[in-house]
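Colleague: I should like to learn how the features of this structure are read. Could we proceed one feature at a time, with the general idea before each case?

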Amino acid sequence: MLGTMMYAPGEVKVEDVAEPSLLKPTDAIIRLAASCICGSDLWPYRGHGDFAQPMAMGHEYCGVVVAVGEAVRSVKPGQFVVGSFCLSDNTCPHCQYGFQSSCEQREFMTGAQAELARVPLADGTLVALEAHPPAELIPSLLAASDVLGTGWYAADAARVQSGSTVVVVGDGAVGLMGVLSARQMGAARIIAMSRHKQRQELALEFGATDIIAERGEDGIAAVKALTRNVGADAVLECVGTQQSMAQALACARPGSMIGYVGVPHGVEFDGQQLFFGQKGMLGGPAPVRRFLPELLSLIETGKINPGKVFDLELPLADAAAGYRAMDSREAVKVLLRT
């Protein structure tokens, strides 16, 4: 079968790889309906981290179950399923508390930019739909596996409430899903920070009420001007750099929450600033499994259409071109048809 491998920074190849097999009784094998490239895939692509060996790429997935291990009970062959990028048993104390992304058996999904994929901990990770979805829903269902679930977690962690003012730092796919999520949760004002026209337009379509193109001190000043120098009730940090985190902290009002889901790279904090700023923070890998049933229902009933975040579609064989397009910001998020 075809599978996507990253050999070194900037070096992605789609090649013939061995089909996955059941390695544990708790595994499932699925045939991907579609796959995609994540913004977090760009970190190693751009040279962050070490390559001990080639990496099988892809952690966002949906498709049809073709085989299950003997211990799997919640899904069966023939069902259409969606799963989280964080694999969990959904039974440990952390899972039961709603943080499946900190499961005591946690693994991270790999190898989903392929035709078939092995999903460990299938019972606790996969959610089956009642029927196979129409083709037009596939992009949105795929988005639920990570990017939508992560944007939703950012809004949930920031405690977005009805009538609140929200700032979203980051205009990548996760930030755009954060805008959609904040709107769904009832935010009255959603300020999207974006310098790119195409992403600004998509943010407005997803529910942003204001766009701020400035960054750094100028961006902070613009937020303060829009909020009568108060700041935001909730801030979603969806990038993971020192600048984006500093901007998120400065835009938040005292007593607010910052939901941070951008994987941190080089981020440091000032203890005095945190102490006197009186702003809460919650983030990390999104517990997508907690939100999947609600998100899938919203998608199937047509209340949200997160699939619009995919602005470039390519065949799986052209995945390397998809990486180049996202790296150069020619595409927000690339969908790969298997």
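Modeller: Certainly. To compare two helices, an axis is fitted to the C-alpha atoms of each helix over the stretch in contact, and the angle is taken between the N-to-C directions, from 0 to 180 degrees. Please keep in mind that this is a predicted model.

Colleague: At what angle do helix H6 and helix H7 pack, and how far apart are their axes?

Modeller: Helix H6, residues 173-184, packs against helix H7, residues 197-206, at an angle of about 20°, and the axes are 8 Å apart. Angles under 35 degrees count as roughly parallel. H6 and H7 are therefore roughly parallel to each other. Their crossing is right-handed.

Colleague: Which residues of H6 and H7 meet?

Modeller: On the H6 side they are Leu176, Met177, Val179, Leu180 and Arg183, and on the H7 side Arg199, Leu202, Ala203 and Phe206. Sorted by class, this contact of H6 with H7 holds seven nonpolar residues, two charged residues and no polar ones.

Colleague: May we apply the approach to another pair? At what angle do the axes of helix H8 and helix H9 cross?

Modeller: The axes of H8, residues 216-226, and H9, residues 242-251, cross at roughly 25° and come within 10 Å. That makes H8 roughly parallel to H9. The crossing of H8 and H9 is right-handed. From H8, the residues Gly216, Ile220, Val223 and Lys224 meet Gln243, Gln247, Ala250 and Cys251 of H9. This contact of H8 with H9 comprises four nonpolar, three polar and one charged residue.

Colleague: Let us turn to burial. Is Ser194 buried or exposed?

Modeller: The cut-off comes first: buried means under 20% relative accessible area, and exposed means over 50%. Ser194 has a relative accessible area of 3%, so it is buried. Its place is the loop between strand S12 (189-193) and H7.

Colleague: What does Ser194 contact?

Modeller: Apart from neighbours within four places in sequence, Ser194 touches Asp171, Arg199, Gln200, Ile211, Ile212 and Ala213. In addition, the side chain of Ser194 reaches the backbone nitrogen of His196 at 3.3 Å.

Colleague: Burial can presumably be read for a whole helix as well. How many residues of helix H5 are buried?

Modeller: Ten of the eleven residues in H5, which spans 147-157, are buried, and the helix is mostly covered. Among the buried residues are Val147, Leu148, Trp152 and Tyr153. The buried residues of H5 pack against helices H4 (138-144), H6 and H11 (288-300), and against strands S14 (232-237), S15 (252-260) and S16 (280-283).

Colleague: My last topic is the backbone. Where is a positive phi found just after H5?

Modeller: Arg159, just after H5, takes a positive phi of about 60°. Leu121 also has a positive phi, of about 50°, although it is not a glycine. Gln278, likewise not a glycine, has a positive phi of about 50°.

Colleague: Where do Leu121 and Gln278 lie, and how does each count in accessibility?

Modeller: Leu121 is in the loop between strand S9 (116-119) and helix H3 (122-125). Its relative accessibility is 9%, so Leu121 counts as buried. Gln278 is in the loop between helix H10 (271-277) and S16. Its relative accessibility is 57%, so Gln278 counts as exposed.

Methods
Residues numbered from 1 in each chain as written. Predicted model: local features only at pLDDT ≥ 70, side-chain atom pairs only at ≥ 80, totals over all residues. Heavy atoms only, no water. Helix = DSSP H or I, 4+ residues; strand = E, 2+ residues; numbered from the N terminus. Parallel < 35°, antiparallel > 145°, perpendicular 65-115°, else oblique. Left-handed = near helix turned anticlockwise from the far one by under 90°. Contact = heavy atoms within 4.5 Å. Nonpolar A, V, L, I, M, F, W, Y, C, P; charged D, E, K, R; others polar. Buried < 20%, exposed > 50% of the residue type's maximum accessible area, 1.4 Å probe, protein only. Polar contact = N/O pair within 3.5 Å; in protein donor to acceptor, adjacent residues only side chain to side chain.
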